[in-house]
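Visitor: I'd like to go through how the chains of this assembly are arranged and then look at some helix packing. Could you put it up so that we can talk it over?

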4 protein chains.
Amino acid sequence: MQKNRLEAFSDGVLAIIITIMVLELKVPRGADWSALAALAPIFSGYVLSFLYIGIYWNNHHHLIQSTRQVSAAILWTNLHLLFWLSLLPFATAWVGQNYLAPVPLAIYGVVLLMAALAYFMLQQAIVIQQGPGSVLAAALGADWKGKLSPLAYVAAIPIGFVLPWLAAGLYFGVALLWVVPDRRIERTLRQVGE
Amino acid sequence: MQKNRLEAFSDGVLAIIITIMVLELKVPRGADWSALAALAPIFSGYVLSFLYIGIYWNNHHHLIQSTRQVSAAILWTNLHLLFWLSLLPFATAWVGQNYLAPVPLAIYGVVLLMAALAYFMLQQAIVIQQGPGSVLAAALGADWKGKLSPLAYVAAIPIGFVLPWLAAGLYFGVALLWVVPDRRIERTLRQVGE
Amino acid sequence: MQKNRLEAFSDGVLAIIITIMVLELKVPRGADWSALAALAPIFSGYVLSFLYIGIYWNNHHHLIQSTRQVSAAILWTNLHLLFWLSLLPFATAWVGQNYLAPVPLAIYGVVLLMAALAYFMLQQAIVIQQGPGSVLAAALGADWKGKLSPLAYVAAIPIGFVLPWLAAGLYFGVALLWVVPDRRIERTLRQVGE
Amino acid sequence: MQKNRLEAFSDGVLAIIITIMVLELKVPRGADWSALAALAPIFSGYVLSFLYIGIYWNNHHHLIQSTRQVSAAILWTNLHLLFWLSLLPFATAWVGQNYLAPVPLAIYGVVLLMAALAYFMLQQAIVIQQGPGSVLAAALGADWKGKLSPLAYVAAIPIGFVLPWLAAGLYFGVALLWVVPDRRIERTLRQVGE
């Protein structure tokens with residue numbers, strides 16, 4: 001019962017974050033193709049951030065599915081994750097309006113990094129609450145994607161000051177890595193169910 | 001259980017999309033009838049897009065109802081559909097502020113077209129997951145509305161550069177076609193239930 | 001099952017409508033009491049519209065509670081109601097920025113009137129779907145509040161062009177009439193349950 | 001059943017409030033560190049208000065969990081609470097744009113105070129509905145946090161006109177007091193369940 005409401009609130013916040021980002025796609029003054037083309041940087045930022053929120057929603061969905069009860073630690077680490085994700089529309093808009101400028105790009109990376117760490121903390125809170133023999137711990141295994149992503153962000157932040165294109169590429173690359181959905185938890189849950 | 005959360009998230013995103021479009025209906029400076037009349041193009045665009053989101057919500061509701069389990073393909077094709085629908089407020093605002101200008105009208109058509117294709121992909125993902133004897137495949141039958149709509153958009157996009165009124169008429173026409181709700185799925189589900 | 005999603009979507013739209021109205025309460029430039037006092041008209045409009053959306057949510061809640069199955073007519077009359085309510089933030093903002101100007105006041109009344117008619121249509125769709133011996137029809141009884149409210153709006157719209165204060169007073173008066181929650185349905189449902 | 005919808009609507013409103021506050025974090029014109037640093041006051045206001053909405057969501061979650069049935073008084077006191085919380089984005093934005101100006105700071109305190117009183121009223125409505133032997137009344141006990149918080153706001157409002165830093169510190173302090181989640185209700189519910 002408790003769990004349902006955690007999901008409902010998180011779904012609500014994620015649905016709003018993913019949707020208000022589109023408000024940054026301001027209607028251009030002109031009505032020709034060049035006016036549209038000028039939106040390309042903001043649009044590509046929107047695509048990337050939409051992808052990230054979609055990935056987080058997807059993985060969050062699997063994460064909470066493996067949870068039975070919601071502890072205070074889970075509630076607060078979940079809110080902490082939502083806090084960092086709520087800053088993504090701001091970071092997206094700043095990057096979009098200053099295409100490949102290093103400082104906005106770095107801030108985008110910091111928001112992604114903090115969200116990744118917050119997700120890790122939420123994961124840990126669930127593992128701790130499940131105690132030894134945690135289904136989630138087994139499902140995560142080595143969790144190489146979860147470990148590689150923050151490392152990629154840590155690398156991309158300074159890289160952006162020298163080679164902004166490479167930093168942007170890293171942010172896209174990590175997203176693509178995750179679009180392959182997190183089947184580990186699904187698979188283990190299914191095995192446990194059998 | 002999984003399914004509930006897919007519905008909750010989609011409901012949230014669609015509810016926000018349908019509602020933020022009204023933010024484009026900017027409060028006019030004047031307080032007389034002429035100030036109100038000047039909003040007519042934006043208002044009619046709002047009506048059309050509200051109708052489209054309503055239709056998608058309605059059909060999405062029937063579509064997911066016919067689903068038992070949510071596969072990774074369903075999750076991602078659903079997000080893909082929400083992505084294109086999330087661009088409707090932008091396209092609506094651009095058309096509204098440049099009444100019958102061909103480029104915004106074409107972009108409106110492209111967004112509708114991509115959303116229709118995304119809906120088709122979601123439909124296919126569900127049919128595939130249900131396997132042979134799929135309830136949904138039986139319910140859809142020839143699916144002539146689902147096939148006619150993208151064709152109408154494909155036609156309307158170039159038409160808009162010559163006869164913008166006709167293109168706008170086509171977008172309204174397809175919407176009206178769908179306001180007659182998708183009883184096929186409902187009917188077949190009922191037959192299966194009997 | 002169907003019903004849950006209708007409620008979830010309606011809750012989402014109403015929650016967004018009630019909340020985005022506050023975005024019209026634009027942050028003033030100054031930081032003193034006079035800057036705050038200048039917001040009084042917009043604030044009082046916000047209070048009134050918040051009340052109206054709250055009343056609609058409340059009554060909608062009771063209405064849908066009395067429903068077992070959701071027909072196509074219920075889905076579409078519900079969307080129709082949400083459409084008119086979605087225009088309330090616009091009407092509220094226009095009235096707020098043009099305090100007691102007759103045209104915005106009339107439009108505010110028109111939106112309330114159309115929402116009241118849409119609510120009536122939704123009510124009828126449910127009664128029809130329930131068939132003879134409808135629980136809702138019994139619960140509504142003479143439904144004098146439901147009949148008085150649109151009459152009050154119809155009266156207030158022209159009155160506003162002569163005595164704007166009286167029109168505003170009527171809009172507030174009808175709201176207060178409804179704050180007394182709709183116990184009729186609750187009571188009849190309880191009797192039926194006994 | 002009734003309760004679920006109260007939760008869903010409240011979750012929706014709280015999710016929107018917590019997310020639209022970030023829209024005040026306007027994208028700066030520049031793309032360097034100084035542009036970012038200029039956002040520090042608005043950002044710290046955002047953090048504080050995010051924390052407050054998170055706390056209210058958390059405690060609301062526990063409060064409604066202890067409720068079986070929803071009375072009219074609970075519906076309306078809940079809406080009343082949401083009304084005051086809906087003003088937090090406005091108050092946050094005004095404080096953020098006028099860092100430590102006494103009037104915005106006082107208004108921020110008034111909104112927190114009114115929300116605290118509204119929460120108290122909701123709590124009372126639940127206790128009254130539960131009647132003698134109320135689980136919630138037992139769970140709340142002396143409720144010193146619930147009593148201390150409004151007192152702190154009452155003190156902070158006038159203090160802000162002399163020592164704005166101290167007032168801001170009090171608002172932060174009360175938030176931190178509540179981040180320790182309200183285990184009282186959880187504990188008592190568990191004892192009752194045993």
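Guide: Before we start on the chains, let me fix one term: two residues are in contact if their C-beta atoms, placed from the backbone, lie within 7 Å. By that criterion no contact joins chain B and chain D, and their closest C-alpha atoms lie 9 Å apart.

Visitor: And what about chain A and chain C, how far apart are their nearest C-alpha atoms?

Guide: Chain A and chain C do not touch either, and their nearest C-alpha atoms are 9 Å apart.

Visitor: Before I read too much into this, what ipTM does the predictor give the complex?

Guide: This is a predicted model, and the predictor gives the complex an ipTM of 0.88 together with a pTM of 0.90. For chain A the pLDDT averages 88, with 92% of the residues scoring at least 70.

Visitor: OK, on to symmetry. What turn lays chain A on chain D?

Guide: A turn of 90° with a shift of 0.0 Å along the axis lays chain A on chain D, and the RMSD is 0.0 Å. The two copies are therefore related as by a four-fold rotation axis.

Visitor: Which residue of chain A comes closest to that axis?

Guide: In chain A that residue is G12(A), whose C-alpha comes to 4.3 Å from the rotation axis. As for the contact between these copies, they use different surfaces, with 12% of the contact residues of chain A recurring in chain D.

Visitor: How many residues go into the contact of chain A with chain D?

Guide: There are 25 residues from chain A and 25 residues from chain D in that contact. On the side of chain A that touches chain D, the elements giving two or more residues are α1 (2-20), α4 (72-86), α5 (88-97) and α6 of chain A. Among these, α1(A) gives the most, with nine residues. Sorted by class, this side of chain A has 19 nonpolar, five polar and one charged residues.

Visitor: Now the other pair: what rotation superposes chain C on chain B?

Guide: Chain C is superposed on chain B by a rotation of 90° with 0.0 Å of shift along its axis, at an RMSD of 0.0 Å. The C-alpha of chain C nearest the axis belongs to G12(C), which lies 4.3 Å from it.

Visitor: Why do you say that those copies meet through different surfaces?

Guide: Because only 12% of the interface residues of chain C are also interface residues in chain B, the copies meet through different surfaces. The contact itself takes 25 residues from chain C and 25 residues from chain B. On the side of chain C that touches chain B, nine residues come from α1(C), which is the largest share.

Visitor: Let's switch to packing inside a chain. At what angle do α5 and α6 of chain D pack?

Guide: Helix α5 (residues 88-97) and helix α6 (residues 102-130) of chain D pack at an angle of about 160°, and their axes are 8 Å apart. Angles over 145 degrees count as roughly antiparallel, so α5(D) is roughly antiparallel to α6(D). The contact brings L88(D), A91(D), W94(D) and V95(D) of α5(D) together with P104(D), L105(D), I107(D), Y108(D) and V111(D) of α6(D). By class, the residues of this contact divide into nine nonpolar, no polar and no charged.

Visitor: And which way does α3(D) pass α5(D), in a left-handed or a right-handed crossing?

Guide: The crossing of α3(D) with α5(D) is right-handed, whereas α5(D) passes α6(D) in a left-handed one. The axes of helix α3 (residues 40-65) and α5(D) come within 8 Å and cross at roughly 155°, and the two helices are therefore roughly antiparallel to each other. By class, their contact has seven nonpolar, five polar and no charged residues.

Visitor: Last one, back in chain A: how do α6(A) and α9(A) pack?

Guide: Helix α6 (residues 102-130) and helix α9 (residues 164-179) of chain A pack at an angle of about 25°, with their axes 11 Å apart. That makes α6(A) roughly parallel to α9(A), and the crossing is left-handed. From α6(A), P102(A), L105(A), Y108(A), G109(A) and L112(A) meet P164(A), A167(A), A168(A) and Y171(A) of α9(A). That contact has eight nonpolar, one polar and no charged residues.

Conventions:
Residues are numbered from 1 along each chain as its sequence is written. Chains are lettered from A and ligands numbered from 1 in the order in which they are written. This is a predicted model: local features need pLDDT of at least 70, side-chain atom pairs count only at pLDDT 80 or more; totals for chains, interfaces and linings use all residues. Helices (H or I, at least four residues) and strands (E, at least two) are DSSP runs, numbered from the N terminus. pLDDT is the predictor's confidence in each residue, from 0 to 100. Copies are superposed by least squares on the C-alpha atoms of residues with pLDDT of at least 70 in both. Axes are lines fitted to C-alpha atoms, for helices over the stretch in contact, and angles run from 0 to 180 degrees between N-to-C directions. Angles under 35 degrees count as roughly parallel, over 145 as roughly antiparallel, 65 to 115 as roughly perpendicular and the rest as oblique. A crossing is left-handed if the near helix is turned anticlockwise from the far one by less than a right angle, and right-handed if clockwise. Ala, Val, Leu, Ile, Met, Phe, Trp, Tyr, Cys and Pro count as nonpolar, Asp, Glu, Lys and Arg as charged, and the others, Gly among them, as polar.
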